[in-house]
Amino acid sequence: AKPAETPKAKVLKVGSETTFAPFEFQDEKSKEYVGFDMDLIRAIGKEMGVEVQIQSMGFDGLIPALEAGNIDVAISGMTITAERAKKVDFSTPYYKSGLSMVVKVDNDTLKTFKDLEGKRIAVQIGTTGAMEAKKIKDATIREFNNAPEAFMELKAGGVDAVVNDLPVNEYYIAQAGGKDAKVVGEPLTSEEYGIAISKKNTETTEKVNKAIEALKKNGEYERIYMKWFGK
Ligand code: GLN
């Protein structure tokens, strides 16, 4: 008799903007996508019994890709907002975040968000950072495709500050940017990240939420958290 075929695992198509360390970025050597979100979604996939395939795309393309059915879920340090929740569903929140500002290391005049009035600010297109920066009086907003480009513009002197997610700013300063830049001020907002899923796909949302719950119970969430954010 023929041996029984092992059934192929179903694929979970995951979209992410993969230049947002430490949540998602490409490992220079292995070229693999690594980071907190990447570990989390792989662990979720394991719980769900599916094979995780990660596709890199622009942050502002993630929700359209979900709506078009090109991806099943998006994990990308994405803040749960009322505006986005009109278009997609979100998993239970999995990370608490907020916005902060980065200035040149020798800048002693820009200390709070109030000081950004009338200044030039770099942000990533389609983000909560872009939305908040646009509310700052008389500021000139320059929008970039990703956070590294915004940081580069600060380094080049083209802007006075970058407004972006605090954990990403801190990671940049700790890894590469510390000679040139620093994080200042209190966090401007309190935000929560969620995994975005098409409204048509409520079954996936339920499974993802169950998986997150299981990973919180069995200690795997904590292990992944400590790997990226523990001291
Ligand atoms: N958390 C921010 C947002 O959702 C930034 C996300 C990102 O740049 N990947 O808008």
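Domain bounds here come from an automatic or database domain assignment. In this predicted model, the assignment divides the chain into domain 1 (11-95 + 192-229) and domain 2 (99-184). The C-alpha centres of domain 1 and domain 2 lie 25 Å apart. The contact between them takes 17 residues from domain 1 and 13 residues from domain 2.

The ligand lies between the two domains, because both domain 1 (11-95 + 192-229) and domain 2 (99-184) give residues to the shell around the ligand. The ligand sits in the largest cavity.

The shell was examined residue by residue. Around the ligand are Phe-20, Phe-59, Ser-76, Gly-77, Met-78, Thr-79, Arg-84 and Tyr-193, together with Gln-124, Thr-127, Thr-128 and Asp-165. By class, four of the shell residues are nonpolar, six are polar and two are charged.

Polar atoms of the ligand pair with both backbone and side-chain atoms of the protein. A polar backbone atom of Gly-77 is 2.8 Å from a nitrogen atom of the ligand. In the side chain of Gln-124, an N or O atom is 2.6 Å from an oxygen atom of the ligand. The side chain of Asp-165 also places an N or O atom 2.6 Å from a ligand nitrogen atom. Taken alone, the ligand exposes 300 Å². The protein buries 100% of that area.

Conventions. Residues are numbered from 1 along each chain as its sequence is written. This is a predicted model: local features need pLDDT of at least 70, side-chain atom pairs count only at pLDDT 80 or more; totals for chains, interfaces and linings use all residues. Side-chain values use heavy atoms; hydrogens and water are left out. A residue is near a molecule or strand if one of its heavy atoms lies within 4 Å of it. A polar contact is a pair of N or O atoms within 3.5 Å; within protein, one must be able to donate a hydrogen and the other to accept it, and residues adjacent in sequence count only if both atoms are side-chain atoms. Accessible areas come from the Shrake-Rupley method with a 1.4 Å probe; for residues, only the protein chains shown count as cover. On a 1 Å grid over the protein atoms alone, a cavity is a set of points where a 1.4 Å probe fits but cannot get out, and a pocket is an open set with protein on both sides within 12 Å along at least five of seven lines; lining residues have an atom within 4 Å of a point. A molecule sits in a cavity or pocket if more than half of its atoms lie within 2 Å of its grid points. Ala, Val, Leu, Ile, Met, Phe, Trp, Tyr, Cys and Pro count as nonpolar, Asp, Glu, Lys and Arg as charged, and the others, Gly among them, as polar. Contact means heavy atoms within 4.5 Å.
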